[in-house]
Amino acid sequence: MLKGFKSFLMRGDVVVVSVGLIVALAFSTLIKAFTDSVINPLITRAQGGHSTALGWQLGAPRNKATYVDIGAFISAVIYFVIFMAVVYFLIVIPYRAFQRHRGITVFGAPVPAKTCPACLADDIPAAASKCRYCRTEQPPASNRTTS
């Protein structure tokens, strides 16, 4: 049982996903610190006055439970955009280039597909002459393709 678990953990895909997750968590921490230390003060300053954040107090003064903090939401959106850009440019693009060098296409455009009229499976390749699920003959691809 332990031998099977070890072979599962040492598969290439699991190792790649694990390393990617660790790198993504490290970048997440870095970007969170950036948004908390740089972006949040800029957003707070945009409101002006003696406000502690960008938003509105709906209830009793200084009650955090009734404060609508728009600045925190804007900061979270900026955090998400920066994080996704970092993941894309530092993980996805190099991985795609590495796999292309090995002759494997990843994150490419989806292949044209058609829907089987018998079983309604919508992932049949456009050039297929038979459905991979119900094995019925397929009409020509020219009039049944979907994007």
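The structure holds one salt bridge, a term used here for a side-chain nitrogen of Lys or Arg within 4 Å of a carboxyl oxygen of Asp or Glu. This is a predicted model, in which local features need pLDDT of at least 70 and side-chain atom pairs count only at pLDDT 80 or more, while totals for chains, interfaces and linings use all residues. Residues are numbered from 1 along each chain as its sequence is written, and side-chain values use heavy atoms, with hydrogens and water left out.

The partners in the bridge are Lys 130 and Glu 137, whose side chains meet at 3.9 Å, N to O. In general, side chains of opposite charge can pair when their charged atoms come close. Lys 130 counts as partly exposed because its relative accessibility is 36%, and Glu 137 counts as exposed because its relative accessible area is 56%; the cut-offs are under 20% for buried, over 50% for exposed and in between for partly exposed (1.4 Å probe, protein chains only).

Next along the chain comes Gln 138, in the loop between β4 (124-125) and β5 (145-146). Gln 138 is buried, because its relative accessible area is 10%. Its side chain reaches the backbone oxygen of Thr 136 at 3.3 Å; for such polar contacts the pair of N or O atoms must lie within 3.5 Å, and within protein one must be able to donate a hydrogen and the other to accept it, with residues adjacent in sequence counting only if both atoms are side-chain atoms. Leaving aside residues up to four places away in sequence, Gln 138 touches Lys 114, Thr 115, Cys 116, Pro 117, Ala 128, Ser 129, Lys 130 and Cys 131, where contact means heavy atoms within 4.5 Å. So Lys 130, one of the salt-bridge residues, is also one of the residues touched by Gln 138.

As for the overall fold, the protein has three helices and five strands, taken as DSSP runs numbered from the N terminus (helices H or I, at least four residues; strands E, at least two). Read from the N terminus on, the order is α-α-β-β-α-β-β-β. Of the 147 residues, 18% count as buried. Among contacts with a separation of 6 or more, 30% come from residues 24 or more positions apart.

Helix α2 (residues 12-47) carries Ile 43, which counts as buried because its relative accessibility is 11%. Ile 43 sits 6.6 Å from Leu 54, C-alpha to C-alpha, with their positions 11 residues apart in sequence. Besides Leu 54, Ile 43 touches Gly 71, Ile 74, Ser 75 and Ile 78, not counting residues up to four places away in sequence. Ile 74 belongs to helix α3 (residues 70-101) and counts as partly exposed because its relative accessibility is 32%.

On the loop between α3 and β3 (113-114) lies Pro 112, exposed because its relative accessible area is 53%. Pro 112 and Pro 125 are 13 residues apart in sequence, yet 6.3 Å apart in space, C-alpha to C-alpha.

Finally, a word on confidence. The mean pLDDT (the predictor's confidence in each residue, from 0 to 100) is 78, and 87% of residues reach 70 or more. Among the elements, β4 has the highest mean, 85, and β5 the lowest, 46. Over residues 143-147 the pLDDT is below 50, and this stretch has 11 contacts in the model beyond near neighbours in sequence. Where pLDDT is low, the predicted coordinates should not be read in detail.
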